[in-house]
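Please look over the chain shown here before reading the notes, which move from the whole chain to selected helices and surface patches.

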Amino acid sequence: MVKFSKQFEGQLVPEWKDAFVDYWQLKKDLKKIHLLNEKNMVTKQEKPSLSYTNLFFSRFRNFSICGHDHRDHDVIQVHKKLASSASKGDVYETELLEQFADTDATKEFFARLDLQLNKVNQFYKTKENEFMERGESLKKQMDILIELKTELKQQRSQSTSQESKENPSISCTISCEEEDSVKDTTDREQQRENSISEFERNEVQFSDSPRAVDESGKPKKEESKLRSLSSKTFNCQGKNMRLNIPLTTPSRTISAITYLVWEDLVNQSKKCGTESGKLNINKTKLHHAEKMIRGAFMELYKGLGYLKTYRNLNMLAFVKILKKFDKVTEKQVLPIYLKVVESSYFNSSDKVFKLMDEVEELFVEHFADDDKRKAMKYLRPSQRKESHAVTFFIGLFTGCFIALFAGYVIMAHLSGLYTRQSDIVYMETVYPVLSMFSLLFLHLFLYGCNIFMWRKARINYSFIFELAPTKELKYRDVFLICTTCMTVVVGVMFVHLSLVAKGHSSTEVHAIPGLLLLFFLVLLVCPFNILYRSSRYHFLRVIRNIILSPLYKVVMVDFFMADQLCSQVPMLRNLEYVACYYITGSYKTQDYGFCMRTKHYRDLAYAVSFLPYYWRAMQCARRWFDEGQTSHLVNLGKYVSAMLAAGAKVAYEKEKENSIGWLSLVVVMSSAATVYQLYWDYVKDWGLLQFHSKNPWLRNELMLRRKVIYYFSMGLNLVLRLAWLQTVLHSSFGSVDYRVIGFFLAALEVIRRGQWNFYRLENEHLNNAGKFRAVKTVPLPFHEVDQD
């Protein structure tokens with residue numbers, strides 16, 4: 001049977017961990033009372049026994065005249081004090097009525113118990129008020145949406161002209177207020193949290209720190225202006241309203257920038273022309289508004305479910321700890337204190353349950369076509385069950401991979417490959433394919449290890465990456481993908497090497513590595529619902545967002561993936577070469593130097609080397625544009641320095657004449673970039689090197705118990721960051737080919753990135769949990785405008 005402490009830790013909301021009952025500290029206090037009781041019992045046994053008269057009266061005091069035990073009324077009494085303000089809630093304080101043998105320890109226990117009860121009540125009331133305000137705001141948004149959709153239907157039914165049929169819209173009166181008079185209906189919620197949620201996909205904005213506000217507590221005019229770029233004012237329900245659609249796609253971003261430039265050049269935004277008396281809100285914008293409101297309802301329902309779990313777990317924790325207290329002290333405290341807990345605010349309030357019912361009704365009616373089962377799939381998505389078959393196939397393919405890899409290594413050794421006297425054609429044409437796949441799936445394997453460690457440390461990576469609970473990859477799924485793909489790759493390479501060793505030199509044999517690459521590319525874009533299609537398409541969408549970084553809104557998963565690409569430059573270089581080799585048909589003549597002699601290929605090598613850093617820099621620029629925080633510009637400088645270092649390295653590899661000058665440039669640029677990156681790793685991404693922390697050189701809050709792991713990781717990160725010195729030193733390892741050495745250096749960078757991933761998300765989780773954000777704050781589309 002699982003202990004309650006393990007069950008309690010496994011079911012609590014990770015972001016609200018500090019707001020739950022401190023069950024473990026209460027258990028320590030009980031242990032202290034238990035030790036004192038044992039000590040007192042030993043002392044009593046050493047003292048002379050009481051006289052029969054004293055023993056009779058001591059027992060008589062424990063019984064009433066009718067013979068009933070009334071110890072329940074003589075042990076404790078809990079006083080309820082009214083709080084100074086309604087926001088803080090009532091305060092409970094326990095008074096000990098019976099003389100305990102261990103008075104100090106018992107007083108300390110009940111003082112802590114009262115503190116936990118007051119903390120739970122206050123937190124519950126705060127989150128309940130937050131969700132209630134969010135619910136009221138959503139209801140108003142829903143009413144506006146329904147009214148606009150109704151008017152749209154009426155206009156579509158009444159319109160007879162072909163023009164109105166092609167562009168169905170709602171005509172609303174334009175208001176001539178200034179752009180900086182926007183009044184966000186969710187300002188109170190943002191001021192209370194001092195920050196919106198970090199993680200928003202498409203409609204949701206990511207933010208590392210509190211939103212910039214001016215001295216009056218309102219958003220800055222620049223942010224208000226940016227929020228209004230894609231919005232217009234219309235009249236609805238007798239109020240001037242504004243429809244704000246976030247700039248999450250390239251078309252919206254380009255339109256917003258065009259509007260901003262036009263406004264700066266012409267400066268006629270505050271004038272109301274006679275022909276601009278009507279505003280068209282088309283069906284597409286209403287569809288986006290409906291999607292935003294639906295997402296807000298889903299997040300609200302999720303938050304209410306978390307609050308319900310918070311209530312039930314804390315109630316159970318109070319019952320368990322009081323039972324343990326009665327068992328240790330042999331007193332009857334449970335019935336008395338439990339009545340107080342049951343009547344306290346967090347257990348007696350039913351607002352959450354009523355709001356959950358209202359959300360269900362609204363969602364079923366407006367977003368699920370009166371189909372409750374369909375609505376529950378969105379509101380209560382079920383977790384995908386883990387199958388034992390996955391574990392079986394992981395073991396099967398792991399064994400196959402080890403056997404095939406061992407055979408490949410033996411055959412390569414017998415053939416004299418991977419040495420300086422190796423077959424140059426094989427090393428120039430086939431080895432890049434094997435190296436590329438090895439680096440890719442090593443990175444994926446480390447991601448699976450990261451998922452396993454995040455789950456062990458209770459880091460809510462699903463919330464941070466905004467992964468769908470029904471479609472996200474578990475660590476077993478990642479391991480299965482890695483073992484299966486590497487078994488296929490090594491198997492094909494083994495067959496190819498066998499054919500080459502036997503002397504087969506036909507065009508079909510040389511095309512095998514290229515066909516292997518083509519097979520994986522086709523599998524990646526396969527439209528059929530097989531082999532983790534949702535994950536494959538999600539990956540492609542993220543890659544698309546990265547390539548078009550300045551145009552798409554940057555969220556957590558986008559720049560996390562872009563950072564991974566920064567560690568995969570050797571893999572991208574190999575992919576570039578292999579694509580050139582097979583697309584140009586050089587494999588037919590085995591002219592492996594054709595691409596090297598082509599000027600366009602050499603120029604492209606520069607671009608591939610610093611493209612990942614460029615994408616990451618553009619993401620930082622976009623985040624600075626959206627959020628206006630200078631820290632993003634500082635982060636942009638880090639990737640610019642990495643771009644310069646990568647360009648200098650490629651130039652040093654290509655230019656053979658003036659190698660000393662290029663070598664000096666590589667040393668200078670790489671050293672500067674390394675110092676910059678190390679500082680950002682430790683201080684910004686990992687949140688370490690805090691001098692005034694209670695943990696020397698670390699954070700105040702740590703997820704791992706052993707601090708030595710952090711110090712070891714910091715030292716290892718430093719060593720792996722200096723792997724570029726191999727470019728300068730040209731160290732040789734026996735007769736190993738230089739390409740193999742380059743592969744191991746690239747693998748070390750991938751391992752460093754895997755280590756970085758864990759600490760990056762740990763820091764993100766701790767920062768997020770410190771503000772008790774367990775659900776996303778989705779921006780709402782309709783906002784009231786001041787009528788000044």
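The notes below describe a predicted model, beginning with overall figures and then turning to particular residues. Of the 788 residues in the protein chain, 46% are buried, and the secondary structure comes to 30 helices and 7 strands.

**Whole chain**
- The accessible surface of the protein chain amounts to about 41600 Å², and carbon and sulfur atoms account for 59% of that surface.
- Among the contacts in the protein chain with a separation of 6 or more, 73% are between residues 24 or more positions apart.

**Helix α9 and Val-319**
- Val-319 lies in helix α9, which runs over residues 283–329.
- With a relative accessible area of 18%, Val-319 falls under the 20% cut-off and is therefore counted as buried.
- Leaving aside residues up to four places away in sequence, Val-319 touches Leu-334 and Leu-338, both of which are listed with the buried residues of helix α10.
- Tyr-337, another of the buried residues of α10, is 18 residues from Val-319 along the chain, and the C-alpha atoms of these two residues are separated by 9.3 Å.

**Helix α10 and its surroundings**
- Helix α10 covers residues 334–343, and its buried residues are Leu-334, Ile-336, Tyr-337, Leu-338, Val-340 and Val-341.
- These buried residues pack against two strands, β1 (76–81) and β2 (91–96), and against the helices α4 (103–158), α9 and α11 (345–348).

**Positive surface patch**
- A patch of positive charge on the surface gathers Lys-3, Lys-6, Lys-17, Lys-27, Lys-320, Lys-323, Lys-324, Lys-327 and Arg-705.
- Helix α9 supplies the largest share of this patch, with 4 residues.
- Lys-323, one of the patch residues, is found in α9, and because its relative accessibility is 46%, between the 20% and 50% cut-offs, Lys-323 counts as partly exposed.
- Helix α9 thus holds both the buried Val-319 and the partly exposed Lys-323.
- An α-helix has 3.6 residues a turn, so residues three or four places apart point the same way.

**Nonpolar surface patch**
- Phe-392, Phe-393 and Leu-396 make a nonpolar patch of about 290 Å² on the surface.
- Leu-396 has its place in helix α14, which spans residues 388–415.
- At a relative accessible area of 38%, Leu-396 is partly exposed, and this value also lies over the 30% that a residue needs in order to be counted in a patch.

How values were computed: Residues are numbered from 1 along each chain as its sequence is written. This is a predicted model: local features need pLDDT of at least 70, side-chain atom pairs count only at pLDDT 80 or more; totals for chains, interfaces and linings use all residues. Side-chain values use heavy atoms; hydrogens and water are left out. Buried means under 20% relative accessible area, exposed over 50%, partly exposed in between (1.4 Å probe, protein chains only). Contact means heavy atoms within 4.5 Å. Accessible areas come from the Shrake-Rupley method with a 1.4 Å probe; for residues, only the protein chains shown count as cover. Patches are made of residues with over 30% relative accessible area and no salt bridge: like charges are joined within 9 Å, nonpolar side chains (Val, Leu, Ile, Met, Phe, Trp, Tyr) within 5 Å. A salt bridge is a side-chain nitrogen of Lys or Arg within 4 Å of a carboxyl oxygen of Asp or Glu. Lys and Arg count as positive and Asp and Glu as negative; His and the chain ends are not counted. The place of a charge is taken as NZ of Lys, CZ of Arg, CG of Asp or CD of Glu.
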